[in-house]
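Hello,

I am passing this structure on to you, as promised. Please open it alongside this note, and then read on for what turned up in it.

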Amino acid sequence: MTQKKSIRIGNQSAFSAIDFMAPFNYAISNGFKTFEWFPDKNEWGAGWVESDVDDRLRNDIKKTALKHDCQLTVHAPKWANPFSANAHQAIAASIRFAGDISAKLLNIHLHTEKNLENYVNAIAPIIFNTARAGIKLSIENTPSTTPLDFNRLFALINSRTDMDTSHVGMCLDIGHANLCLMTRNDYLKYFNLLDTQVPIIHVHMHENYGDQDSHLTIFTGPSADNDTGIRTLLEMLITRGFSGSIIMEQWPEPKVLLNQAYTRLEEMLSFSEK
C-alpha cells in the first residue's frame with residue numbers, strides 16, 4: 001500500500017483488543033502509515049495505560065514504527081479534562097510516552113463547561129510542555145462542541161504572546177461533527193463553519209447516522225451507499241493544506257474492513273491530489 005506522504009492513513013489502539021498490541025501489529029503488517037495510541041483501560045481491566053508499556057517495549061514500538069515508516073500519535077486519556085488537577089499528571093504521562101516512542105502529536109478533547117478563556121489557561125502548561133517536547137498538540141471536537149467554539153478557541157490561542165502556539169491545531173472528528181446539534185448529520189457544514197484561522201492538523205474518521213457515537217468503520221454506514229461526503233471532505237482538507245494523519249478509530253470485525261477503508265481512502269486521496 002502506498003500513498004501521498006503528506007496525508008497518512010491508519011488505525012488506533014482499542015480496549016476491545018484482547019492483546020493491546022494487536023491493533024499496532026495489524027497496522028504494521030498491513031502497511032498502514034500512521035497509528036494512534038489511546039490509553040483507555042476501563043474499570044474491568046480491558047485496554048491499557050502507559051504504565052503497562054515498559055521501556056523495552058516503548059523502544060521496540062519506536063524502532064518498529066521507524067522501520068516501517070509508520071508515524072505515531074498519542075491520544076490522551078478520554079477522562080483527562082484539563083480543568084481537573086489530576087488530569088495534568090495523566091497528560092504529562094502521555095507526553096512522556098509520546099516522546100519515548102517518537103510520536104509526532106498528542107491529542108486532547110475540548111471542554112467548554114468553564115468557558116473558553118479558562119480552558120486556554122488550563123491547557124497552557126500542556127501547550128508549553130508539548131512545544132518543549134517537539135510534539136504537536138491537537139484539540140478534538142466532541143459531540144457537544146461547535147465550530148463556533150473552535151473559532152473562538154483559536155482566536156484566543158493565536159492571541160497568546162507568552163508562549164509558542166505554532167504547534168497547536170484542531171483534530172477534526174467527523175463522527176462527532178455529525179452529532180453536533182448545530183450540524184446534525186452534516187459534518188461538511190461543520191467543516192465549512194470553521195474559520196480559516198483554525199489549523200486542522202489531525203483527523204479522526206468514523207461515521208454514524210446522527211443518532212449516537214457508534215464509531216462505524218468508514219464506508220459501512222451512510223457512506224456505504226453514497227461516498228460523496230467523504231470525497232468532498234478529502235478535497236476540502238487538501239484545499240485547506242491538510243498534511244496530517246487520518247485515524248480510523250475502530251477495531252472492527254472482520255478486521256478486513258480496515259483494509260477496505262484504507263484502500264478506498266487512499267484511492268480518493270490519489271484522485272483528489274491530481
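How many nonpolar, polar and charged residues are there in the lining of the second largest pocket? Before the answer, please keep in mind that this is a predicted model.

Pockets

The lining you were just asked about is made up of eight polar residues, four nonpolar ones and four charged ones. The second largest pocket itself has a volume of about 220 Å³. It is lined by 16 residues, and those closest to its centre are Gln71, Lys136, Ile201, Ser243 and Gly244. Two strands, β3 (71-75) and β7 (200-205), each supply at least two residues of this lining. Of the elements that take part, β7 gives the most, with three residues.

For the largest pocket, the volume is about 710 Å³. Its lining has 32 residues, with Gln12, Phe15, Phe38, Asp40 and Lys78 the closest to the centre. Sorted by class, that lining has twelve nonpolar, twelve polar and eight charged residues.

Helix packing

Two packed helices are described by the angle between their axes and the distance between the axes. Here are two pairs to look at, with α4 in both.

Start with helix α3 (residues 85-100) and helix α4 (residues 116-133), whose axes come within 11 Å and cross at roughly 15°. Angles under 35 degrees count as roughly parallel, so α3 and α4 are roughly parallel to each other. Their crossing is right-handed. On the α3 side the contact is made by His88, Ile91 and Ile95, and on the α4 side by Ala122, Pro125, Ile126, Asn129, Thr130 and Ala133. Six of these contact residues are nonpolar and three are polar, with no charged residue.

Next, α4 packs with helix α5 (residues 147-158) at an angle of about 50°, the axes being 10 Å apart. Are α4 and α5 parallel or oblique to each other? At that angle they are oblique. The crossing of α4 and α5 is right-handed. From α4 the contact takes Leu116, Glu117, Tyr119 and Val120, and from α5 it takes Asp149, Arg152, Leu153, Leu156 and Ile157. In this contact of α4 with α5 there are six nonpolar and three charged residues, and no polar ones.

If you would like somewhere to begin, try Gln71 and Ile201, which are among the residues closest to the centre of the second largest pocket.

Best wishes

Conventions:
Residues are numbered from 1 along each chain as its sequence is written. This is a predicted model: local features need pLDDT of at least 70, side-chain atom pairs count only at pLDDT 80 or more; totals for chains, interfaces and linings use all residues. Side-chain values use heavy atoms; hydrogens and water are left out. On a 1 Å grid over the protein atoms alone, a cavity is a set of points where a 1.4 Å probe fits but cannot get out, and a pocket is an open set with protein on both sides within 12 Å along at least five of seven lines; lining residues have an atom within 4 Å of a point. Grid points are joined across faces, edges and corners, and a volume is the space filled by probe spheres set on the points. Ala, Val, Leu, Ile, Met, Phe, Trp, Tyr, Cys and Pro count as nonpolar, Asp, Glu, Lys and Arg as charged, and the others, Gly among them, as polar. Helices (H or I, at least four residues) and strands (E, at least two) are DSSP runs, numbered from the N terminus. Axes are lines fitted to C-alpha atoms, for helices over the stretch in contact, and angles run from 0 to 180 degrees between N-to-C directions. Angles under 35 degrees count as roughly parallel, over 145 as roughly antiparallel, 65 to 115 as roughly perpendicular and the rest as oblique. A crossing is left-handed if the near helix is turned anticlockwise from the far one by less than a right angle, and right-handed if clockwise. Contact means heavy atoms within 4.5 Å.
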